[in-house]
Amino acid sequence: MSSLFDLSLIDSTLRMMAPLLLAGLGGAICARVGIFNVGLDGLMLMGAFIGVAANAFTNNIWLSILIAVVGTLIFSLLFGYMVIHLQANMIVTGIAINFLSIGATTFALRTIFDVQGAYYNNEMVGLPTWRIPVIDDIPLLGNLLSGQSPVVYLGILITIAMYIFLKKSVLGSHFDAVGINPVAAKSQGIKIKKIQYQAVIISGILCALGGVQLSLGQVTMFSENMTGGRGFIALVATMLGQSNPIGVFLSSSLFGFTEAISIRFQGLNIPTNFTLMLPYVITILAMFIFKDRTQLNAMKNSQGSSR
Amino acid sequence: MSKMKGHISNIIQPVFAIFVGLAVGTIAILLAGESVFLTYREMWEGAFGSLYFLSNTLERSIPIILAGLGVAFAFRAGFFNLGAEGQLVMGAVTTAIVTVYLPFQGFLNLVISIGAGMLIAGLLSFFAGWMEQKFQINLLISTLLLNYIAVLFAGYLVSEPFRDTTSSGGVAHSVMVEDASKLPKLLTGMNVHYGFVLAIIITILLAFIIKRTTFGYEVRMLGQNMFFAQYGGINRKKVMFISMLISGMLAGLAGSVEVMGMHYRFIEGALTTPQFAWTGLMAALLANSNPVGTAIIAIFLAALDTGALGVERNTDVPNAISDIIQAVLILFISAKFTMAFIKSKRKRGAK
């Protein structure tokens with residue numbers, strides 16, 4: 001048992017949860033303004049690919065993160081334009097964005113790099129690990145919390161920032177107003193479309209960072225469809241976390257933990273399929289207890305526009 | 001006259017979307033540095049070029065049609081069933097296991113094993129409907145989540161208790177179906193099997209049920225206006241349960257016939273990797289949940305897939321091109337949805 005639950009489990013949980021946390025926060029900000037973003041997976045995949053592609057050409061990690069963020073942001077605007085401007089069905093558009101992302105990245109992988117399956121080269125530079133000065137000196141904790149990739153720390157910082165933004169700032173309250181009652185918000189002079197675009201753009205940026213952590217953090221490579229449905233787990237984390245940044249943080253750390261522990265279970269006789277099932281089962285059970293108003297509102301919008 | 005006009009605009013918009021999809025495909029082909037004409041010809045050849053390729057296309061369309069019909073039926077009643085993938089996989093794995101363990105072979109085995117697959121898949125979908133009815137758990141989320149649970153559970157079944165241990169290594173799969181119980185091929189040497197006939201019959205049957213029966217009327221009413229339907233005395237609970245059950249059973253049938261007519265066993269990932277369920281969902285949405293339209297578009301989407309495989313065989317263009325074209329198609333058609341929606345809203349406002 002001691003080999004199963006040692007302290008390095010915290011370390012791998014942090015690494016596994018970072019992409020889920022970032023994409024989940026992206027989903028949360030969209031849900032706040034009444035947009036149900038099913039395209040998180042596609043946005044993440046796009047970020048992961050552009051990050052690797054830019055890295056292969058520039059060999060500069062910071063520049064490739066920047067290019068990934070900008071590229072994914074533009075891609076997310078396509079989702080935004082369809083959903084906000086053309087009022088297209090959110091679910092259909094989200095699924096189409098996922099398909100487009102899988103198609104476009106696979107296509108580009110084969111035409112640009114002329115490989116099938118996966119691409120990596122030795123000159124690419126992965127995300128560095130940062131040692132945090134003060135924490136690093138704490139005997140036991142230092143080894144665990146320090147020495148993660150900057151994106152992991154950024155994820156935690158963004159969680160706090162988004163929480164303060166939504167709770168304390170005027171603009172944050174406008175975000176909520178748009179999600180809760182767009183008509184009332186409009187009568188108060190809030191520009192609904194502008195706010196919704198802002199939310200979609202933020203989710204694009206966050207998903208790009210999550211994707212970069214996947215393709216340049218743990219490994220330095222891109223493989224076809226490498227998100228493997230993590231965007232949907234992130235969406236589930238959003239729902240379970242009630243679109244609240246702290247809630248998303250807690251639920252994505254739970255999912256990160258189950259992902260980390262399921263790798264350990266491979267050594268035991270417990271089938272990994274069951275541990276992989278945990279996030280979904282927990283979420284269904286949690287839905288019996290919590291009822292997420294924001295998400296339901298966003299969902300109602302998405303269904304309304306489909307008929 | 002106005003009905004006529006409606007029909008024409010119904011056709012023009014999908015045609016326009018197909019045009020835009022092919023235009024984006026053209027850009028992709030140019031980026032890949034191939035001849036556009038040659039590539040599209042290979043795509044046509046790969047999908048319809050010979051009897052063999054045509055039979056491949058029709059075979060691929062079978063699960064897409066059936067899953068699409070399932071989604072379409074629930075959607076007609078106003079319920080968004082995102083769980084077709086899980087239902088399809090559960091149907092397939094149940095059929096693959098039942099057929100092996102039945103003490104007899106032959107036609108009866110085929111019928112019972114497919115029936116069992118449909119039943120389990122239908123119950124899975126029913127369960128999601130029950131949770132929404134009883135506990136207000138959103139159908140979209142629950143059906144989506146059940147997908148993962150079902151796919152992982154089916155994967156467990158064939159990798160642990162029901163794994164075919166006679167062949168070593170490779171992907172986990174179940175024991176082979178006996179020859180006598182297989183769903184026969186339509187033509188010898190070709191891939192297309194009797195599942196296609198079944199799919200066409202069910203398409204016509206569903207179109208009839210929706211258009212001509214009392215239950216079909218209730219389904220349509222509920223889908224169009226829930227409050228009006230309930231005011232008119234339609235039992236939402238009953239219609240929802242039945243339509244979710246049928247929807248799941250159709251998705252399950254899609255998986256079952258694929259097992260009995262094509263793979264002859266359940267292979268982990270063989271039904272999820274080609275995205276049959278999601279393509280079916282698209283077909284249903286593109287056709288506005290019209291059964292006949294769903295079937296036609298399903299065949300078209302299947303042709304894009306098999307055509308893209310031909311393209312990959314003979315040119316430097318990767319088969320991902322079909323994903324790109326399909327995605328662009330959906331984006332444009334979903335914008336169409338909206339135009340119709342805005343128009344109807346305006347009309348309502350004018351009255």
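**Helix H8 of chain A.** I began with helix H8 (residues 170–180) of chain A in this predicted model and looked up which of its residues are buried, and I found His174(A), Phe175(A), Val178(A) and Gly179(A). I then looked down the axis of H8(A), where these buried residues fall within an arc of 135°, so I noted that they line one face of the helix.

**Helices H4 and H11 of chain B.** I turned next to the packing of helix H4 (residues 84–101) of chain B against helix H11 (residues 276–286) of chain B, and I noted an angle of about 130° with the axes 8 Å apart. Because angles of 65 to 115 degrees count as roughly perpendicular and those over 145 as roughly antiparallel, I entered H4(B) as oblique to H11(B). The crossing in which H4(B) passes H11(B) is right-handed. From H4(B) the contact takes Ala84(B), Glu85(B) and Leu88(B), while H11(B) gives Phe276(B), Ala277(B), Trp278(B), Gly280(B) and Leu281(B). Sorted by class, I have this contact down as 6 nonpolar, 1 polar and 1 charged residues.

**Chain B against chain A.** I last looked up where the two chains touch, and I recorded 34 residues of chain B in contact with 37 residues of chain A. On the side of chain B that touches chain A, the elements giving two or more residues are helix H1 (2–31), helix H6 (139–159), H11 and helix H13 (321–350) of chain B. Of these, I marked H13(B) as the source of the largest share, with 12 residues. By class, I wrote down 26 nonpolar, 6 polar and 2 charged residues for that side of chain B.

Conventions: Residues are numbered from 1 along each chain as its sequence is written. Chains are lettered from A and ligands numbered from 1 in the order in which they are written. This is a predicted model: local features need pLDDT of at least 70, side-chain atom pairs count only at pLDDT 80 or more; totals for chains, interfaces and linings use all residues. Axes are lines fitted to C-alpha atoms, for helices over the stretch in contact, and angles run from 0 to 180 degrees between N-to-C directions. Helices (H or I, at least four residues) and strands (E, at least two) are DSSP runs, numbered from the N terminus. Angles under 35 degrees count as roughly parallel, over 145 as roughly antiparallel, 65 to 115 as roughly perpendicular and the rest as oblique. A crossing is left-handed if the near helix is turned anticlockwise from the far one by less than a right angle, and right-handed if clockwise. Two residues are in contact if their C-beta atoms, placed from the backbone, lie within 7 Å. Ala, Val, Leu, Ile, Met, Phe, Trp, Tyr, Cys and Pro count as nonpolar, Asp, Glu, Lys and Arg as charged, and the others, Gly among them, as polar. A residue is buried if 20 or more other C-beta atoms lie within 10 Å of its own, exposed if 12 or fewer, and partly exposed in between; C-beta atoms are placed from the backbone. The arc is that of the directions from the helix axis to the C-beta atoms.
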